[in-house]
Amino acid sequence: MYLLFLGSLLYLGYRANLAFGIYAPGQIVNGTAYIVQSAIFLFMVYGILLAKQETMDESYEVFRTIYKGWRNKVFAKMIHITIIVLLFSGLHVLLLFVLFGFNNIPAPFYYSSFLYIVLYWVLPFMISGALGLFLGIVVKSKIVYPLMMIIGVFIGPLNQMVFIALTKMLPVWLQKLMFLINLGQSDPFRIYNIVYGSPLEGFRWNTKFYFLAMILIILVTTVFAIEKRKHFKLALIPASALVLLLGALSWNEMSPHLDELTSKQAISSDTKYYRDTKVAKYNAANTDFIVKSYDMDITVDNGLKNKVKMNLELGSTTNQLIFSLYHNFRVQSIRFHNEEIPFEQEADYLTVNFPGKLDPSIDYELAIDYEGYGPQRFFSNDQAIMMPGFFSWYPVPGNQPTAEFVNKTVFYTFNSQQPVQYTMKYTGPTPLFTNLDETSNHIWSGRSTSGITLVSGDMEEIQVNNKVDLVRPYTLYTMPKDLDKDVSSFIDLYGDIAQVLGQPRKDINKIFLLETRLGQSPVWVEDGYAILDVAVGNNNVFTLSDYLIQNIVEAAVQNYSWERQDKTMRELYTSSFSYWYGPKKYNMDKKDSFLIYQYSSIIDSYFPQNKSTFNKLVEFLDANHSNDEKIHSFFMSWLDSLRNKEYFGWDTLDTIISNNKE
């Protein structure tokens, strides 16, 4: 035990040192599965040894002759195990907090780390010790030790290795059961998300407490059975019923989340879904309408529930409307004139069928109730929510799909053609950060062409330059001190690039730094706010670079057609613009640009047949470096083709270069 104490303390210190090096203190406790599994074995063995102590020192009969002696001894051993668990966990918490203090870690990490230790260390270790005590009492032979090893594998993080090995052989309900009985983190291989934080959801706490109550009831019942108490048989029935009830409650708490956990771990994902699901984009016939206003009543607990009323303006006569809504949000009912009407959901499309033709000269109100979960990259539960405005987490006109598989899964940016009025009542994790204004307690409202972004989690909001609100994860606490200057430069850079490319400049009053893991453009500039995709260590996200210029270019020009173009052609455009713009505006060295140091190698390796067109492009940019009018015209012609053609290839680029040379 002393060796485990020392080893686990050293390992925790090692993990902390690594995490501080990349400015990710939240990752420290999130990666302690080895300690948890070892300690589960240790406390089970310790419980067994305590149970057999009287047998080994030949005092068993003595305690059995003392009134309530043996029973009280067992209960005292459980108290002893609890004290040891608290000492073991408390020493690690003390070490962690001392290291936090030396490294100036923000206060929220103290709180979340303490909760993690209680949830994934203290409660599991107490359950393991009680389980060991029970096994030591009922199993007299040495077979108790291999039995303990098998049980320890299935109730600890090693459970996941068994799961991955057997996943194709096990029925779905058994897969879910293995997640349920894991006393450690149910998904120990999950990468720490700096917005979400450590998994501390309410259902995990409830499940652990149910398990602890179950094993304590079983232990007490076993002690009374061995003592042959007078009323034992009468107590056995309610005790058994209570254990079964607690087991059912555990399943009930965990089961709504097991599909999500198993799919994230094993196996299915948005990529697989969109690769296997082929649903054509609906054409304009039934999407010729706009939503003038939304009135939402949102509850976020076990998923997201939304009761939304929409005011619709039609463009033509129709008896059917088609909306885009992410497929995991399942519609419960749709009401029109206070009566339920039929609807169909296919993939990310929601088709609403009306009882008669709708007159385009009249505005109509439609009420939709739905609930569910967002994609695996986003989340909505009692701990945190992240629903970006560019994603159709509420019904929007279905003139483009929510996502498609185009070499990889691409989530398309949806923007309304005109400002939409939003009113939202919200109940869920707080504090809530959004692009709307809070008008009263739990009520938000505002107008936007870019939808609503909802964020709550391990986040804080600070004000920059007394005018821009920056919503960032606690993990980015080491951002540069001259943040005012960096944010102002970022906003000015975006405005200038948008102007050069002939795109409308959007005001940026709020910036969300979010870990989306989409692998798409890391910057979205919306109506009144911007979203920047970040990860652990992105403390200099606003620093001027060739990469930042490329991302801002994409943010300024992206639309549905742009996002469907081949990634190579989009990157060629953004890197070519940066190759000209960086040296022109900021005296950046052309030799360090992405176009030269990396893209030329990509051409040589994968597109050697297009080398001449690439060289012609670089020559054109160099020759016209100072000719702003010709360069602007060239990039706008190129952009027009990328945003309006269904397919843009090297031949088209060659033609554009030749036309602009003249």
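Ala, Val, Leu, Ile, Met, Phe, Trp, Tyr, Cys and Pro count as nonpolar, Asp, Glu, Lys and Arg as charged, and the others, Gly among them, as polar. The model in these views is predicted, so its local features need pLDDT of at least 70 and side-chain atom pairs count only at pLDDT 80 or more, while totals for chains, interfaces and linings use all residues. Residues are numbered from 1 along each chain as its sequence is written, and side-chain values use heavy atoms, leaving out hydrogens and water.

**View 1. Two of the spans that UniProt labels "transmembrane region".** According to the unreviewed UniProt entry, this label covers residues 31-51, 78-102, 114-137, 144-166, 209-227 and 234-251 (such annotations may be inferred rather than shown by experiment). Pick out residues 78-102: you're looking at 100% helix and 0% strand, with 36 Å between the end C-alpha atoms. Now try residues 114-137, again 100% helix and 0% strand, where the end C-alpha atoms lie 33 Å apart. Helices and strands here are DSSP runs, numbered from the N terminus (H or I over at least four residues for a helix, E over at least two for a strand).

**View 2. Inside the largest cavity.** A cavity is a set of points on a 1 Å grid where a 1.4 Å probe fits but cannot get out, and lining residues have an atom within 4 Å of a point. The model has three cavities of 30 Å³ or more, and the largest holds about 60 Å³ of space (the volume filled by probe spheres set on the points). Its lining has 10 residues, and T32, A33, V36, Y116 and Q185 are the ones nearest the centre. Helices α3 (33-51) and α7 (107-138) each chip in at least two lining residues. Sort the lining by type and you get six nonpolar, four polar and no charged residues.

**View 3. The second largest cavity and its lining.** This one has about 40 Å³ of space. Around it sit S324, F390, S392, V396, Q400, P401, T402, Y412 and F414. That lining splits into five nonpolar and four polar residues, with no charged ones.

**View 4. An open sheet in the order β6-β7-β3-β11.** The four strands pair in the antiparallel sense; two strands pair if DSSP finds at least two bridges between them. At the edges are β6 (343-346) and β11 (396-397), each pairing on one side only. Look inside the sheet for β3 (residues 318-324) and β7 (residues 349-358), joined by six bridges. One place to zoom in is I322, whose bridge partner in β7 is T351.

**View 5. Q345 in strand β6.** Is Q345 buried or exposed? Q345 counts as buried, because its relative accessibility is 19% and the cut-off for buried is under 20%. The Q345 side chain reaches the backbone oxygen of F329 at 2.9 Å. A polar atom of that side chain also lies 2.8 Å from the backbone nitrogen of V331.

**View 6. T221 in helix α11 (residues 202-227).** T221 is buried too, at 16% relative accessible area. Follow its side chain to the backbone oxygen of I217, 2.7 Å away.

**View 7. The β16 and β17 hairpin, plus β14.** Strand β16 (residues 437-440) pairs with β17 over three bridges, in the antiparallel sense. Here E438 stands opposite W444. Just two residues separate the hairpin's strands, and H442 in the turn has a positive phi of about 70°. Strand β17 (residues 443-448) also runs antiparallel to β14 (residues 420-427), with six bridges joining them. Y422 has G446 as its bridge partner.

**View 8. The β19 and β20 hairpin.** Strands β19 (residues 459-464) and β20 (residues 468-473) are antiparallel and share six bridges. Across from E460, the bridge partner is R472. Three residues lie between the strands, and N465 takes a positive phi near 60°.

**View 9. A second open sheet, β9-β10-β18-β15.** Again there are four strands with antiparallel pairing. The edges belong to β9 (379-380) and β15 (433-434); each has a single partner strand, so one side of each has no neighbour in the sheet. Further in, three bridges join β10 (residues 385-387) to β18 (residues 454-456), and I385 stands opposite S456.

Key
On a 1 Å grid over the protein atoms alone, a cavity is a set of points where a 1.4 Å probe fits but cannot get out, and a pocket is an open set with protein on both sides within 12 Å along at least five of seven lines; lining residues have an atom within 4 Å of a point. Buried means under 20% relative accessible area, exposed over 50%, partly exposed in between (1.4 Å probe, protein chains only). A polar contact is a pair of N or O atoms within 3.5 Å; within protein, one must be able to donate a hydrogen and the other to accept it, and residues adjacent in sequence count only if both atoms are side-chain atoms.
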